[in-house]
Amino acid sequence: MKYWIETYGCQMNKAESEAFELELNHNMWESAENPLEANLAVINTCSVRETAEERIWGRIGYYKRVKKDNPSLILIITGCMAERLGSKFLGNGSPVDKVFGTFSKHKIIDFVLNKSDFDPSSNLYKFSKVHTTEGKFKSFVPIMNGCNNFCSYCIVPYVRGRELSRNPDEIFSEIEELEKRGIKEITLLGQNVNSYYYNNGETGESLDFPELLKKISEKVNSIEWIRFLTSHPKDLGDKLINVMAKSNNICRHIHLPLQSGSDVILKKMNRKYNSDFYNNLVKKIKYDIPDASITTDIIVGFPGESKEDYDMTYNLMNSIKFNEAFTYYYNPREGTKAFDFEDNIPKEEKLRRLSEIIELQKKITVLKKKEKIGATLKVLAEGFSKNNSNELIGRTEFDEMIVFNGKHDKIGLYSMVKILFVKGNTFIGEIVT
Ligand code: SAM
Ligand code: SF4
Ligand code: F3S
């Protein structure tokens with residue numbers, strides 16, 4: 001039997017799809033070359049922006065055509081959009097056979113293996129185990145699910161539910177298992193990892209994120225890089241910065257979404273910090289970890305964002321100089337608080353603001369990269385570069401892409417690479433050891 005999985009959205013979705021693939025492989029399923037030869041197709045969906053949902057509807061139209069040539073194909077919709085829209089995917093000539101929301105994702109495997117049917121009353125999120133397939137050297141490790149922050153624009157708390165921190169013993173044993181499988185790099189995942197908090201009811205012991213990270217950092221051997229995503233600025237404290245500064249295996253990269261540089265907009269977004277707080281946090285990080293790379297998310301065109309509000313975002317990006325920024329224009333999401341605000345910035349203006357900050361960030365990214373020319377950095381080689389089989393592509397601990405000379409025997413291993421120059425926005429380097 002063959003499966004085909006399509007994954008949209010964030011790393012959490014990717015991690016869950018990988019775990020699902022692994023379970024299918026354990027049960028003698030194989031991955032298909034294309035949906036036409038598959039017995040099962042799964043679309044793991046995202047609701048964060050309208051564009052993400054539109055793509056999924058497009059894919060469902062595509063599967064309607066695929067099913068004409070492959071009528072026995074079972075099509076399952078899962079993930080955040082499945083949680084949001086549920087049975088709206090079914091009926092009326094829809095090619096969709098089953099819908100599993102976020103909280104019943106883990107039941108897909110039972111359904112596929114005919115052990116049980118869908119239980120729509122399920123409301124308990126279950127962390128899936130060991131997120132890696134054979135031959136891989138990087139893995140996600142989910143440590144939390146859900147979000148309690150209710151940023152006014154965001155659908156995530158509605159489709160992923162309230163925060164749930166994973167049992168640390170489960171996390172440790174999963175990481176141990178990953179090491180046995182040869183994994184070299186892990187990324188701890190959660191919508192807001194800094195609010196991780198686990199209290200063991202039996203022993204009364206509790207653990208917060210800096211303590212969890214410290215323990216993981218002390219336990220691992222062959223895993224030399226530990227990453228984590230995402231940090232909400234309001235919850236990132238000195239304790240975490242100290243743990244990072246003292247460790248030699250926690251990557252010095254923090255993804256710290258700013259969203260806006262205007263205090264008025266940040267308040268309307270319900271982000272619970274202002275631009276001064278954010279600025280001071282960045283300064284603190286840079287003081288304790290001078291070479292830390294800081295990346296961010298920005299939304300422009302939020303309801304009521306005046307020209308002055310937008311300029312504040314532009315100016316703050318220009319002064320902080322993020323290593324990278326993921327930029328979006330505001331998308332109203334039904335059910336969120338901001339959906340009731342007047343979406344008063346015309347689309348053309350949202351796009352104009354967006355392209356302006358994209359241009360700004362491009363320049364900053366290249367500028368920051370050029371500062372590193374001549375440095376020798378540790379790189380994990382991930383595979384061959386697209387154009388040349390004598391060239392490898394890898395990443396630095398700062399999550400920067402680098403192309404360098406090297407053969408297949410270096411793939412999946414750490415090398416020391418000297419940065420020669422920057423092409424486009426990619427480092428070009430030369431292997432040292
Ligand atoms: N939990 C993370 C955080 O707090 O930053 C990430 C959440 S979300 C998956 C990733 C990014 O999508 C957000 O940081 C935000 O910039 C963007 N985003 C979320 N909702 C949006 C919306 N309605 N319109 C535009 N961008 C949105
Ligand atoms: Fe969404 Fe805010 Fe939660 Fe991030 S912290 S997932 S942006 S509600
Ligand atoms: Fe999208 Fe759900 Fe992630 S809405 S961004 S897949 S948590």
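Two strands pair if DSSP finds at least two bridges between them. Strands (E, at least two residues) and helices (H or I, at least four) are DSSP runs, numbered from the N terminus. This is a predicted model: local features need pLDDT of at least 70, side-chain atom pairs count only at pLDDT 80 or more, and totals for chains, interfaces and linings use all residues. Residues are numbered from 1 along each chain as its sequence is written, and side-chain values use heavy atoms, without hydrogens and water.

**View 1. Strands β17 and β18 pair in the antiparallel sense.**
β17 covers residues 391–396, and β18 covers residues 401–405. They share 5 bridges. One bridge joins R395 to M401 in β18.

**View 2. Five strands close into a barrel.**
The order is β16-β17-β18-β20-β19, and the pairing is mixed. From one strand to the next, the twist averages 50° (angles run from 0 to 180 degrees between N-to-C directions of axes fitted to C-alpha atoms).

**View 3. Helix α7 has buried residues (under 20% relative accessible area, 1.4 Å probe, protein chains only).**
In α7 (residues 209–219), F209, P210, L212, L213, I216 and S217 are buried. Seen down the axis, they fall within an arc of 160°, so they line one face of the helix. The arc uses directions from the helix axis to the C-beta atoms. Their cover includes α6, β9, β11, β12 and α8.

**View 4. Ligand 1 has 15 residues around it (a heavy atom within 4 Å).**
Q191, P257, Q259, D297 and N331 come nearest. A backbone N or O atom of Q191 sits 2.7 Å from a ligand 1 nitrogen atom. A polar side-chain atom of Q259 is 2.8 Å from a ligand 1 oxygen atom.

Methods: Chains are lettered from A and ligands numbered from 1 in the order in which they are written. Buried means under 20% relative accessible area, exposed over 50%, partly exposed in between (1.4 Å probe, protein chains only). Contact means heavy atoms within 4.5 Å. A polar contact is a pair of N or O atoms within 3.5 Å; within protein, one must be able to donate a hydrogen and the other to accept it, and residues adjacent in sequence count only if both atoms are side-chain atoms.
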